[in-house]
Amino acid sequence: MNQETNIRWQALKKSLLEHIGIILGMTLLSIVFIGVGSFLLYDGILNIKITNIIFAFLFIPVGLWVLVLNVKLNTSSVLYYRDKEILRRLGINTDAKVLSMTVDVIDDEQASLMFEYEFEYQYQNYSGADIVDVKSSAIETLAQLEYLPIRFLRDDPQQSSIRQRSLSSQIKKMLLSPEDES
């Protein structure tokens with residue numbers, strides 16, 4: 001097994017371990033609902049109790065819905081965090097040209113910025129988008145940026161994200177040593 005495959009398996013394992021409590025909790029909840037619903041259905045049919053049958057038809061679909069929701073949400077979340085870990089460990093660093101920046105002010109001190117960017121890899125242009133949370137005071141500084149530090153996967157350049165630490169140190173440098181306009 002080569003190192004890259006090993007890193008991918010480790011990323012999946014780490015992501016699954018972080019989600020195991022939620023997965024098991026939701027699975028247990030769905031088992032309880034389906035079990036109670038099945039018992040009520042059995043008791044309702046055996047003793048001809050309409051209320052038990054009605055409650056059974058409420059409990060069983062809720063249990064199935066929780067089970068489907070468990071699979072859907074946790075699969076999506078596990079894969080997202082696995083991909084982030086793979087990108088962190090196997091990604092290539094580069095700079096991307098800023099195409100646009102959208103500001104979403106959260107409160108007086110915090111803002112969320114969505115950057116759309118473009119970069120070149122092996123003579124092909126790729127584009128991406130990522131969201132960065134910053135202090136509201138840094139918005140003007142970020143609006144001046146022409147290039148962003150990003151990381152992308154060699155085998156899937158469409159998968160990219162902004163390097164948060166590198167961007168924050170770039171912002172600090174810009175705030176501490178503003179260029180003279182004279």
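Arg 8 is partly exposed at 26% relative accessibility, where partly exposed covers the range between buried (under 20% relative accessible area) and exposed (over 50%), using a 1.4 Å probe and protein chains only. Everything here comes from a predicted model, in which local features need pLDDT of at least 70, side-chain atom pairs count only at pLDDT 80 or more, and totals for chains, interfaces and linings use all residues. Residues are numbered from 1 along each chain as its sequence is written, and side-chain values use heavy atoms, with hydrogens and water left out.

Let's stay with Arg 8 for a moment. Its side chain meets that of Glu 4 in a salt bridge (3.2 Å, N to O), a term for a side-chain nitrogen of Lys or Arg within 4 Å of a carboxyl oxygen of Asp or Glu. Both residues lie in helix H1, 4 residues apart, or about one turn of the helix; helices (H or I, at least four residues) and strands (E, at least two) are DSSP runs, numbered from the N terminus. Glu 4 is partly exposed too, with a relative accessible area of 34%.

The count of salt bridges comes to 6. One of them joins Asp 43 and Lys 49 at 3.8 Å, N to O; here Asp 43 is buried at 15%, whereas Lys 49 is partly exposed at 38%. Another links Asp 83 with Arg 82, with the closest N and O atoms 2.7 Å apart. Shared partners also join Glu 4, Arg 8 and Asp 155 into one network.

Now follow helix H2, residues 50–90. Its 41 residues should span 60 Å at 1.5 Å a residue, and the end C-alpha atoms are indeed 60 Å apart; the expected span is 1.5 Å times one less than the number of residues. Among its buried residues are Asn 52, Ile 60, Val 78 and Leu 87. The buried residues of H2 pack against helix H1 (3–47), strand E4 (147–152) and strand E5 (160–162), contact meaning heavy atoms within 4.5 Å.

That brings us to the sheet. It is open, with 5 strands in the order E3-E2-E1-E4-E5 and antiparallel pairing, where two strands pair if DSSP finds at least two bridges between them. Strand E3 (124–135) and E5 stand at the edges with a single partner strand each, so one side of each is left without a neighbour in the sheet. The twist averages 40° from one strand to the next; axes are lines fitted to C-alpha atoms, for helices over the stretch in contact, and angles run from 0 to 180 degrees between N-to-C directions. Helix H4 (residues 164–176) packs on the sheet, touching E3, E4 and E5, and its direction makes about 165° with that of E4.
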